[in-house]
Amino acid sequence: SEPRQDRYCVAWNKLYKKELFDGIRFPLGLIHEDQWIAHYVFFKAKKITCIPNVLYHYLIRSNSIMQASNPMKHFSDIDAFFDRINFYEQNSLTHLFVGVEKTMFDLFKFYLKKCFDFQNFSRKEFKQLKLYAKTCFDFFKECLEKNPEQYTAQEKTERKQVYKFSFKDHINLRFGKKLRNSKTYNFLFNIKQRLKRHTKEN
């Protein structure tokens, strides 16, 4: 199977020749800035070597940028992927599209889970999230049309489920936390729990 491309994009697990960064700079103000420059650096490199040794230990902190920030900030990652797609198209590397799409889907699904945990989005943020989903789904359909043999039935179904928001998803993402903190929600939740217990007893 094709390796996960995002493993090779992060900046922290590599040593570079400084000349590779001539004319290339990390964008300012973005969380996933390494995604924006990886394809340019790799394209310039004449030789790339990977080693199996585990030499770097990644520490996950609850208050880190990855864990604590508004999940919408992470979707700049998706913008970086579309920059990569344009780069591949300009340099006759469209055979890499499916790998990009599959990695992008995994990351979208990961960030979407964070969104459901966050549950406090403005109308503008939710509209932007839906736009990201539509753009990703359109790219998937393009890849599927040109490379149908690269996708299983399960992969196709997963994308339809993840990229299409139901009315329930809309309510949870926009108002989930507010509803759960309301007296009405707690009242209805308690009734639901009592009905469950009553059904089990009978």
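This report describes aromatic pairs, the packing of helix H6, nonpolar cores and salt bridges in a predicted model.

## Aromatic pairs around Phe108

A search of the whole structure finds 18 aromatic pairs. One of them joins Phe75 and Phe108 in an edge-to-face arrangement, with 5.4 Å centre to centre and 75° between the planes. Because Phe75 lies in the loop between helix H2 (65-68) and helix H3 (76-90), while Phe108 belongs to helix H4 (residues 97-118), this pair ties together parts that are 33 residues apart in sequence. Phe75 and Phe108 are both buried.

Phe108 also forms an edge-to-face pair with Tyr163, for which the values are 5.0 Å centre to centre and 65° between the planes. Here the partners lie in helix H4 and in helix H6 (residues 153-163), so the pair ties together parts that are 55 residues apart in sequence. Phe108 has a relative accessibility of 0% and therefore counts as buried, and Tyr163, with a relative accessible area of 4%, is buried as well.

## The aromatic cluster and the charges over its rings

Phe75, Phe108 and Tyr163 are among the members of one aromatic cluster, which also includes Phe105, Phe110, Tyr111, Tyr132, Phe137, Phe140 and Tyr151. Two rings of this cluster, those of Tyr151 and Phe105, are considered next for the charged side chains placed over them.

The charged end of Lys102 sits over the ring of Tyr151, at 5.1 Å from its centre. Arg159, in turn, lies over the face of Phe105, and its distance from the ring centre is 4.1 Å.

## The two sides of helix H6

Which residues of H6 are buried? They are Glu155, Arg159, Val162 and Tyr163, and because they cover an arc of only 80° around the axis, they are on the same side of H6. In general, an α-helix has 3.6 residues a turn, so residues three or four places apart point the same way. The buried residues of H6 pack against H4 and helix H5 (123-146), whereas the face turned away from the buried side carries the exposed residues Ala153, Gln154, Lys160 and Gln161.

Tyr163 offers a more detailed view of this packing: when residues up to four places away in sequence are not counted, Tyr163 touches Glu101, Phe105, Phe108, Ala133, Cys136 and Phe137.

## Nonpolar cores

The largest nonpolar core has 33 residues, of which Phe75, Ile78, Met104, Phe108, Leu129 and Tyr163 touch the most other members. The elements that give two or more residues to this core are H3, H4, H5 and H6, and the largest share, ten residues, comes from H4. Apart from this core lies another, of six residues, including Leu20, Phe21, Ile37 and Val41.

As a general background to such cores, nonpolar side chains in soluble globular proteins tend to be buried together.

## Salt bridges between and within helices

The count of salt bridges comes to seven. In one of them the side chains of Glu158 and Lys109 meet, at 3.7 Å from N to O; this pair links distant parts of the chain, since Glu158 is in helix H6 and Lys109 in helix H4, 49 residues apart. At 25% relative accessibility Glu158 counts as partly exposed, and Lys109 is likewise partly exposed, with a relative accessible area of 33%.

Within helix H4, the side chains of Asp117 and Lys113 meet in a salt bridge with an N to O distance of 3.6 Å. Because Asp117 and Lys113 are four residues apart in helix H4, about one helical turn separates them, and both are exposed. Helix H5 contains a salt bridge between Asp138 and Lys134, in which the closest N and O atoms are 2.9 Å apart. Asp138 and Lys134 are also four residues apart, so they too are separated by about one helical turn. Asp138 is partly exposed, its relative accessible area being 32%, and salt bridges that share partners join Lys134, Asp138 and Lys141 into one network.

Technical notes
Residues are numbered from 1 along each chain as its sequence is written. This is a predicted model: local features need pLDDT of at least 70, side-chain atom pairs count only at pLDDT 80 or more; totals for chains, interfaces and linings use all residues. Side-chain values use heavy atoms; hydrogens and water are left out. Rings of Phe, Tyr and Trp (its six-membered ring) pair if their centres lie within 6.5 Å; planes under 30 degrees apart count as stacked, over 60 as edge-to-face and the rest as tilted. Buried means under 20% relative accessible area, exposed over 50%, partly exposed in between (1.4 Å probe, protein chains only). A charge sits over a ring if NZ of Lys or CZ of Arg is within 6 Å of the ring centre and within 35 degrees of the ring normal. The arc is that of the directions from the helix axis to the C-beta atoms. Contact means heavy atoms within 4.5 Å. A salt bridge is a side-chain nitrogen of Lys or Arg within 4 Å of a carboxyl oxygen of Asp or Glu. A nonpolar core is a set of buried Ala, Val, Leu, Ile, Met, Phe, Trp, Tyr and Cys residues joined through side-chain atoms within 4.5 Å.
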